[in-house]
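Q: Please take a close look at the surroundings of the ligand. Which residues are the closest, and how many surround the ligand?

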Amino acid sequence: MKPCCSFLAIVVLAAMGASARAQTAAPDAAALYQDKCASCHGAERLGAVGPALLPDNLGRLGQKGAEMVIRDGRAATQMPAFGAEIDDAGVKALASFVYGKPAATPRWGRDEIGASRVLTPAPAADRPMFAADPLNLFVVVEGGDHHVTILDGDKFEPITRFASRFALHGGPKFTPDGRYVFFGSRDGWVTKYDLWTLQVVAEARAGINTRNIALSRDARFIAVANYLPNSLVILSAADLSVLKIFDVADRAGQSSRVSAVYQAPDRGSFIAALKDVPEIWEIATQGPATEPLPLRRIAITAPLDDFFFDPGYRHLIGANRDGTQAVVVALSEGREIATIPLPGMPHLGSGISWVRSGQRVIATPHLRDGKISIIDTATWTAIATVPTEGPGFFMRSHENTPYVWTDSFMSKENKDLIQILDKNTLAIVRTLKPAPGKTTAHVEFDRSGRHALVSVWENDGALIVYDAATFAEVKRLPMSKPVGKYNVYNKITFSEGTSH
Ligand code: HEC
């Protein structure tokens, strides 16, 4: 009797104690963070071994998602599970803490970027270390476990696979000779990789939260579009040293995040989309040496997010914020020349272009509606709408194929479908379901246009190689959430079937 009762008493007392503690002391998230997390995520949450934990960086993870990661950890990574040592209230407090804005905006200027820079030059090489066609390589970004695979684009066999920075963002950028590729990561890291010697040769952290990077046509400059701080950073593409930092603000001094930066090869410039102010920036990369990297401001009616350029880079087409229309800006004139009603949130960033019955058209998927819009670039009007199985994200084609491939990535029920349409008739000629129930998205063609590579966008995903003419599956390679794949030749030749 006695042992039983005292045991019960202890249980009751312990339970009372726990609830008393929970009621009295609200967890001190800042102290808990310094104690348990700062060693890996940095005292100021800017990241170290682990990624930066700031609201803009965490984005889509969400507070509930963060709670889960803190409680359960992430399998096969260095992120431990804290469920056994931190109670529920503590976990919730930490998740809300990492989603809180830091008391002071962290600084990330010339000194911080310079101090982050690491150079690891490769041994001299006058040709690639492998037998595959160096211009038909695919760079496959695997977001599931933050790796990159370099794939032989003829045999579809991996040549090497290496760990990347956490969460690569935006497409990688290639030097015109196809030798070097640059990656940008969510947390601001720029990585320069040598495709001939297969090694990282330079890294620098150009921001705390970065959207994407661009490389100038002459391969001298890298531009980095940042959300935090509000800066556009220009690095030397040779060694990633800082050349110039633009603190981004409009003429009136209103500060702005940079949504994205692009190379306009025909104009010898970078073009940047600003998130918070109605301006587009153009920075000449081939200007006179007396005034390096001069800035030109193009005033627009309202901020434009998501850009597409017509071939020749004479016009920019951007989506307005509420996703109801596209605005066309003539770049040389520096003014808006047309608006095109396009309800359903066009995703112009992954638009593509081709010539159809003598007319140059642009096609864009929509993030909210299941359709593709076809725009005539002579009149800047939408001339056709092709209904699809669901709202999509990417589309791709190639000069040597009569088809366009698109996904239903944003759909609830049809995420596993890929649809193929005829560039001339605009009819859907085939619907593929490569992996039933699994998200399937992002297509890229090989150099010749004979094969299309499709991603099964899951942690235990795959890259599926299709014959682009018969739509027959040729090969399936396991990959960890292959969020993007990039063919060296199609990128350096600015193929009209892919985004840049
Ligand atoms: C031993 C190092 C380490 C410690 C300690 C650590 N983390 Fe992490 N954490 C990581 C790594 C590495 C990742 C990235 C995992 C991956 O690759 O997905 C991560 C990921 C995360 C993520 C997800 C970030 C994202 O963008 O997906 C959150 C949230 C997080 N950690 C919170 C915490 C909190 C809160 C603590 C303290 C209670 C903590 N971590 C302690 C290493 C650590």
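A: In this predicted model, the ligand is surrounded by 23 residues, of which C37, C40, H41, R74 and M79 are the closest; a residue is counted here if one of its heavy atoms lies within 4 Å of the ligand. As a predicted model, it is read with thresholds: local features need pLDDT of at least 70 and side-chain atom pairs count only at pLDDT 80 or more, whereas totals for chains, interfaces and linings use all residues. Residues are numbered from 1 along each chain as its sequence is written, and side-chain values rest on heavy atoms, with hydrogens and water left out.

Three side chains make polar contacts with the ligand, a polar contact being a pair of N or O atoms within 3.5 Å (within protein, one must be able to donate a hydrogen and the other to accept it, and residues adjacent in sequence count only if both atoms are side-chain atoms). An N or O atom in the side chain of H41 is 2.8 Å from a nitrogen atom of the ligand. For R74, a side-chain N or O atom is 2.7 Å from an oxygen atom of the ligand, and for R186 a side-chain N or O atom is likewise placed 2.7 Å from a ligand oxygen. Among the secondary-structure elements, those giving two or more residues to the shell around the ligand are α3 and α5, the latter spanning 62–72; helices (H or I, at least four residues) and strands (E, at least two) are DSSP runs, numbered from the N terminus.

H41 deserves a closer description. This residue is part of helix α3, which covers 38–41, and with a relative accessible area of 9% H41 is buried; the terms used are buried for under 20% relative accessible area, exposed for over 50% and partly exposed in between, with a 1.4 Å probe and protein chains only. Besides its contact with the ligand, a polar atom of the H41 side chain lies 2.8 Å from the backbone oxygen of P51. Leaving aside residues up to four places away in sequence, H41 touches Y33, L46, G47, A48, G50, P51, L53 and M79, where a contact means heavy atoms within 4.5 Å. M79 thus appears both among the closest residues to the ligand and among the contacts of H41.

Y33, another contact of H41, leads to helix α2. In α2 (residues 29–36) the buried residues are A29, L32 and Y33. Viewed down the axis of α2, these buried residues fall within an arc of 100 degrees, so they line one face of the helix; the arc is taken from the directions from the helix axis to the C-beta atoms. In general, an α-helix has 3.6 residues a turn, so residues three or four places apart point the same way. The buried residues of α2 pack against α3 and against α6 (88–98). At the start of α2, a side-chain oxygen of D28 comes to within 3.3 Å of the backbone nitrogen of A30.

Helix α6 has its own set of buried residues, namely G90, V91, A93, L94, A95 and V98, and what covers them includes α2, α4 (55–58) and α5. Between α5 and α6 runs a loop that contains A76. A76 is exposed, with a relative accessible area of 90%, and has a positive phi of about 65 degrees although it is not a glycine.

For the wider setting, an automatic or database assignment of domain bounds divides the protein into domain 1 (22–98) and domain 2 (342–500), and the centres of the two domains, taken over C-alpha atoms, are 38 Å apart. T77 and I492 are 415 residues apart in sequence and 34 Å apart in space, C-alpha to C-alpha; I492 belongs to helix α8 (residues 488–492).

As for confidence, pLDDT is the predictor's confidence in each residue, from 0 to 100, and the protein averages 93, with 95% of the residues scoring at least 70. Residues 1–23 call for caution: their pLDDT stays under 50, and the model has 0 contacts beyond four places in sequence for them.
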